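Colleague: I am new to this structure and would like to be shown around. Could we begin with a single residue and work outwards?

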Amino acid sequence: MPLDQLSIFSAIGLSSAALALTLFVSWMVGRSDAYLLTWSIGLAVIVVGVVLFAGFGDSYNAGLQLASFLLLICGFGLVYAGSAQFCSERSRWSCAIRATAAGLLPTLGAFALGFSGAGTIAANLAIALLLALNAYEYWNARNEAALLMVSNAVLYLITAISFVACACVLAWHGQLVLDARPSNWAEEFNAIAIIIGLTGIGALSLTIHQTRIANRHRSEAMTDPLTGLHNRRALFGRRTDDVAREAAVVVMDLDHFKAINDRFGHAAGDRVLRAFAEIILSNIRASDLAVRLGGEEFCVLLSDIGAAAAMAERIRSQFEAKTFVTPAGAIRATVSAGIAVRSSDAETVQAMVDRADMALYQAKEAGRNRVHIFGVPCAARSVEAPRAIEPASPEKISPPLSV
């Protein structure tokens with residue numbers, strides 16, 4: 001028994017309108033995720049297109065059908081643009097516009113020539129293409145959340161197939177000119193696929209969106225806002241089982257940093273801290289954890305004992321060689337470091353940091369600007385520590401460096 005098309009169109013319109021409103025309200029809350037707004041506008045345009053398509057009544061109106069198809073193509077084009085923003089975090093408006101135009105032009109041309117059936121075929125294929133592009137975006141982003149992303153890709157693909165089915169049935173029967181709204185098994189399959197697809201895609205996309213927000217908040221809670229490094233919570237929140245047996249901790253403290261703040265100001269001090277953080281990041285591996293413990297104290301958790309001493313020495317020498325030129329003079333800063341290696345599988349990160357702190361204290365006592373390894377006195381650098389602050393003469397002063 002054929003389904004009641006008016007009821008189907010009403011269901012499509014209401015579900016689309018509800019989803020558009022939900023997405024718009026979600027965007028209004030933060031206004032940071034542009035794809036929510038793009039999706040809501042696209043769905044609103046689709047709702048208008050569905051209303052026009054359902055507004056034929058018992059009499060067929062080619063003009064209304066053309067208008068509805070043009071709106072539907074534009075609406076699905078906006079949905080694709082939102083999906084590209086959502087999945088790749090890049091605005092692919094040029095691609096979305098080209099794909100939308102590729103559907104609008106043949107549809108408009110066929111209707112203008114009086115071939116409403118051919119125009120309907122072109123419109124269905126255009127929407128199918130846009131839906132397939134959505135599926136492609138989600139498939140490419142499946143590494144983020146495999147089950148959710150792949151599920152969305154499948155729903156988009158099934159909905160695209162339903163539009164292709166509508167076009168194929170009309171083409172098979174040679175209906176190049178229509179005198180009534182299409183009514184066949186493909187149209188019923190298409191309507192059901194749209195209802196299920198929109199509902200499922202909306203729910204899955206909002207779930208992924210909320211997951212991203214939760215992950216973002218978790219990341220912000222474990223990140224130092226000044227340097228972009230991890231903070232104490234990220235370091236000490238690690239379980240003992242998550243730390244490698246061959247782990248090492250390097251604790252570093254900038255020498256005489258209070259004097260830099262007192263003489264050159266906290267803005268200059270912040271520049272020095274950010275530059276030091278960049279030096280750390282340039283010398284560690286992806287598996288290492290760089291942390292700002294607080295103030296001018298930093299820490300690196302390494303999974304390889306053998307790399308600790310060499311890494312600490314590179315950081316020390318690179319920082320010692322760096323000069324920060326300010327209107328008040330040139331800043332030369334140094335850093336002292338203490339290293340501790342994990343003694344057993346049961347040793348906690350806190351215990352390792354405490355022992356590295358003791359080695360750091362030894363480095364400070366020995367004259368600063370050097371690296372000490374806990375329990376290995378001969379590991380200390382035997383160098384003459386340069387002045388932590390070296391005032392610049394007026395002729396040497398240049399605009400502040402960008403660090």
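Modeller: Let us begin with N124, which touches F163, C166 and A167 when residues up to four places away in sequence are not counted. Please keep in mind that this is a predicted model.

Colleague: Where is N124 found?

Modeller: N124 is part of helix α5.

Colleague: And is N124 buried or exposed?

Modeller: N124 counts as buried, because its relative accessibility is 4%, and the cut-off for buried is under 20%.

Colleague: Let us turn to the nonpolar cores. Which residues touch the most other members in the largest one?

Modeller: Those are W39, F76, F86 and Y138, in a core of 52 residues. Helices α1, α2, α3, α4 (93-112), α5, α6 and α7 each supply at least two residues of this core. The largest share comes from α5, with nine residues.

Colleague: What is F86 in contact with?

Modeller: Leaving aside neighbours within four places in sequence, F86 is in contact with Y35, W39, Y138, M149, S205, I208, H209 and R212.

Colleague: Which residues does the second core include?

Modeller: That core is separate and has 33 residues, including F257, F319, A333 and V335.

Colleague: Now for empty space. How does one look for it?

Modeller: Rolling a probe the size of a water molecule over the atoms shows where empty space is left.

Colleague: How many cavities of 30 Å³ or more does the count come to?

Modeller: The count comes to two cavities of 30 Å³ or more. The largest cavity holds about 270 Å³ of space, and the second largest holds about 190 Å³.

Colleague: Which residues lie nearest the centre of the largest cavity?

Modeller: F9, F53, E187, N190 and I194 lie nearest its centre, among the 20 residues that line the largest cavity. The elements giving two or more residues to this lining are α1 (5-30), α2 (34-54), α3 (62-88), α5 (116-140) and α7 (185-221). Helix α7 gives the most, with five residues.

Colleague: How do the lining residues of the largest cavity divide into nonpolar, polar and charged?

Modeller: The lining of the largest cavity has 13 nonpolar, five polar and two charged residues.

Colleague: And what lines the second largest cavity?

Modeller: The second largest cavity is lined by 18 residues, and L43, V79, Y156, L198 and I201 lie nearest its centre. At least two lining residues come from each of α1, α2, α3, α5, α6 (146-172) and α7. Helix α7 supplies the largest share of this lining, seven residues. The lining of the second largest cavity divides into 14 nonpolar, four polar and no charged residues.

Colleague: What about pockets? Which residues line the largest pocket?

Modeller: The largest pocket has a volume of about 170 Å³, and its lining consists of S32, D33, A34, Y35, Q85, E89, R90, S91, E144, R212 and R216. Helices α2 and α7 are the elements that give two or more residues to this lining. By residue class, the pocket lining has six charged, three polar and two nonpolar residues. Two of the names have come up before: Y35 and R212 are also in contact with F86.

Colleague: Let us move to the strands. How many residues of β2 are buried?

Modeller: Strand β2 (residues 289-294) is mostly covered, with five of its six residues buried. It is joined to strand β3 (residues 297-302) by five bridges, and β2 and β3 run antiparallel. One of the pairings is between L289 and L301 in β3.

Colleague: Which residue of that hairpin takes a positive phi?

Modeller: G295 takes a positive phi near 55°, in a hairpin with two residues between the strands.

Colleague: Which residue other than glycine also has a positive phi near 55°?

Modeller: H256 has such a value, and so does N369.

Colleague: Where do H256 and N369 lie?

Modeller: H256 lies in the loop between β1 (248-254) and α9 (257-264). N369 lies in the loop between α12 (349-365) and β7 (371-373).

Colleague: Is N369 buried or exposed?

Modeller: N369 is buried, with a relative accessible area of 0%, whereas H256 is partly exposed, at 41%.

Technical notes
Residues numbered from 1 in each chain as written. Predicted model: local features only at pLDDT ≥ 70, side-chain atom pairs only at ≥ 80, totals over all residues. Heavy atoms only, no water. 1 Å grid on protein atoms, 1.4 Å probe; cavity = no way out; pocket = protein on both sides within 12 Å on 5 of 7 lines; lining within 4 Å. Points joined across faces, edges and corners; volume = space filled by probe spheres on them. Helix = DSSP H or I, 4+ residues; strand = E, 2+ residues; numbered from the N terminus. Nonpolar A, V, L, I, M, F, W, Y, C, P; charged D, E, K, R; others polar. Buried < 20%, exposed > 50% of the residue type's maximum accessible area, 1.4 Å probe, protein only. Pairing = 2+ DSSP bridges. Core = buried A, V, L, I, M, F, W, Y, C linked by side-chain atoms within 4.5 Å. Contact = heavy atoms within 4.5 Å.
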